[in-house]
Amino acid sequence: MDARFDYLLRQGDNALILSQQLSQLCGKGPALEEDMALTNVALDLLGQTRMWLTYAGEVEGAGRDEDRLAYLRDVRAFRNCLLVEQPNGDYAQVMVRQFFFDTWHYFLMRALLASSDRRIAEIAEKSIKEVTYHLRRSGDLVVRLGDGTEASHARMQAAVDALWTYTGEFFVYDEVERAMLAQGVAPAPDALRAAFLQHVGEVFEEATLRMPDPEAYMQRGGKQGRHGERLGYLLAEMQFLQRAYPGAEW
Amino acid sequence: MSKEWPLWEVFIRSQHGLAHKHVGSLHAPDAGMAVNNARDVYTRRNEGVSIWVVKAADIVASSPADKDALFEPSNSKVYRHPTFFPMPEEVKNL
C-alpha cells in the first residue's frame with residue numbers, strides 16, 4: 001500500500017472516529033454550554049476528516065471519495081489510533097481522551113505546517129486554529145476537574161491511568177512513518193513525543209494529577225488496522241445507511 | 001451558595017461592528033469559562049470579534065416604573081435635542 005495514502009488515512013481516521021464518538025454525546029453534556037462545545041469540537045474534527053480523506057482518495061487514485069472511504073471500509077482498513085476508539089465512559093474519560101489527543105494533534109499539526117507535501121501543509125494550516133482551541137479547552141477542563149473536588153480528582157486520575165497505555169501509539173515508528181519522514185512529509189516522532197510529554201506533565205502538575213510512567217507498556221496496532229473489538233460496533237452504526245443503500249445520493 | 005452556575009450577560013463586537021452589542025446570556029462557573037462558552041454559543045468563532053462577559057448580578061437596570069421620570073422631561077423640549085445642526089458626511093456614524 002502507498003505510504004502516503006496510508007498516512008493520510010491515519011490522520012483522517014483519527015479525526016473521523018473521535019468526531020463520531022463526540023457526536024454520540026450530543027444532548028448528553030453535563031451542561032448546555034459543554035454540550036455546545038463538545039459538538040463544536042466534533043464538527044471541527046469532521047471538517048478535518050473530510051479534507052484528509054478527500055486528499056487520501058486523490059492520492060490513491062482509485063476513484064474513492066471521502067464518503068466511500070468513510071462508509072465503505074471495514075474495521076481492518078481503518079488506521080486510527082486505539083485511543084480515539086476508547087469508549088466515552090464518564091466525563092473524565094471524555095476529557096482525558098480529548099486532552100491526550102489534542103496535545104498530540106496540536107504538535108503534529110504544527111509540525112505538518114512545514115510538510116514538503118503542500119496539500120498536507122494546507123490542511124494543517126486550516127486545522128491548526130481549531131486544534132489550538134481544542135487543546136486550550138481540554139487542558140483547561142483537565143485542570144478544573146483534576147484540581148476540583150475529591151470526587152472529580154479521583155475520576156480524572158482513574159481516567160488518566162486507564163487511557164495512558166494508548167498514548168504511546170502516536171509515536172510508533174513504522175515503515176509508513178519512516179517513508180513520510182524520509183520524504184520530508186511528516187515530522188520525527190521522537191520530537192513530538194518530547195513535546196507531548198512536556199505539555200502533559202505541565203498540565204497534570206497544575207491539575208494535581210499524577211503523571212503516569214512514560215516508559216510504561218503501550219498498546220499499539222490501530223495504525224496498522226488491528227483494533228479493539230469496539231470499533232466494529234461503532235462502524236456498524238456509522239455505516240449502516242450506506243451499507244443498506246450503497247451508492248445512494250444524500 | 002446555589003448549585004446553579006451564575007448567569008452571565010454576553011456582549012459581542014463583530015468584525016466590522018463599532019460597539020459591543022448585547023447578544024444574550026449563558027450560565028458558567030467563572031469568567032474564563034463564560035468567555036469560552038460565549039465563543040461557542042454566540043460567535044461561531046468568527047475572527048476579529050471581541051467578547052465581553054459580565055455577571056448578570058453586576059448589572060443595574062433602570063426600572064420600567066421610572067420611565068416617565070427618567071426620560072419624559074426632554075421629549076417635549078425640542079431645544080434639548082441637537083438635531084438642527086448639519087452634520088459633515090465624515091461623521092455619519094455618530
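Which residues are linked with A:Lys223 in a network of salt bridges? Keep that in mind while you get your bearings; what you have open is a predicted model.

**Stop 1: the network in chain A**

Select A:Asp6, A:Arg10, A:Arg79, A:Asp174, A:Glu177 and A:Lys223, and show their side chains: these residues are linked in a network of salt bridges. Now zoom in on one pair, A:Lys223 and A:Glu177, which form a salt bridge with the closest N and O atoms 3.2 Å apart. Colour by secondary structure and you'll see that the pair links distant parts of the chain. A:Lys223 is in the loop between α8 (189-206) and α9 (230-244) of chain A, while A:Glu177 belongs to helix α7 (residues 175-182), and they are 46 residues apart.

Are A:Lys223 and A:Glu177 buried or exposed? Turn on a surface to check: both are buried.

**Stop 2: a pair along helix α5**

Next, go to helix α5 (residues 118-146) of chain A and pick A:Arg118 and A:Glu122. Their side chains meet in a salt bridge, at 2.9 Å from N to O. Follow the backbone from one to the other: the two are 4 residues apart in the helix, so about one helical turn separates them. With the surface still on, compare the labels: A:Arg118 has 64% relative accessibility and counts as exposed, whereas A:Glu122, with a relative accessible area of 35%, is partly exposed.

If you'd like to hunt down others, a search of the whole structure finds 18 salt bridges over all chains.

**Stop 3: across to chain B**

Stay on helix α5 of chain A and select A:Arg144, then add B:Asp30 from the loop between β2 and α1 of chain B. Here the salt bridge crosses between chains, and its N to O distance is 2.8 Å. Both ends are partly exposed: B:Asp30 is at 27% relative accessibility and A:Arg144 at 26%. How many salt bridges are there between chain B and chain A? The count is 1.

Pull back to take in the rest of the interface. Selecting by contact should give you 14 residues of chain B against 13 residues of chain A. Switch on polar contacts too: 5 residue pairs across the interface qualify, with both residues at pLDDT 80 or more.

Now colour chain B's side by element. Both β2 (21-27) and α1 (31-43) give two or more residues to the side that touches chain A, and α1(B) gives the most, with 6 residues. Recolour by class, and that side of chain B shows 5 nonpolar, 3 polar and 6 charged residues. As for area, the two chains bury about 1200 Å² between them, 44% of it on carbon and sulfur atoms.

**Stop 4: the nonpolar core**

Hide chain B for the last stop and select A:Leu22, A:Phe100 and A:Phe196. Of the 83 residues in the largest nonpolar core, these three touch the most other members. Then highlight helix α4 (residues 91-112) of chain A, which supplies the largest share of this core, 13 residues.

Centre the view on A:Phe196 and show what surrounds this side chain. Leaving out residues up to four places away in sequence, A:Phe196 touches A:Phe100, A:Thr103, A:Trp104, A:Phe107, A:Trp164, A:Thr167, A:Phe170 and A:Phe171. So which of the core's top three turns up among those contacts of A:Phe196? A:Phe100 is one of them.

Technical notes: Residues numbered from 1 in each chain as written. Chains lettered and ligands numbered in written order. Predicted model: local features only at pLDDT ≥ 70, side-chain atom pairs only at ≥ 80, totals over all residues. Heavy atoms only, no water. Core = buried A, V, L, I, M, F, W, Y, C linked by side-chain atoms within 4.5 Å. Buried < 20%, exposed > 50% of the residue type's maximum accessible area, 1.4 Å probe, protein only. Contact = heavy atoms within 4.5 Å. Buried area = accessible area lost by both parts, 1.4 Å probe. Salt bridge = Lys/Arg side-chain N within 4 Å of Asp/Glu carboxyl O. Polar contact = N/O pair within 3.5 Å; in protein donor to acceptor, adjacent residues only side chain to side chain. Nonpolar A, V, L, I, M, F, W, Y, C, P; charged D, E, K, R; others polar.
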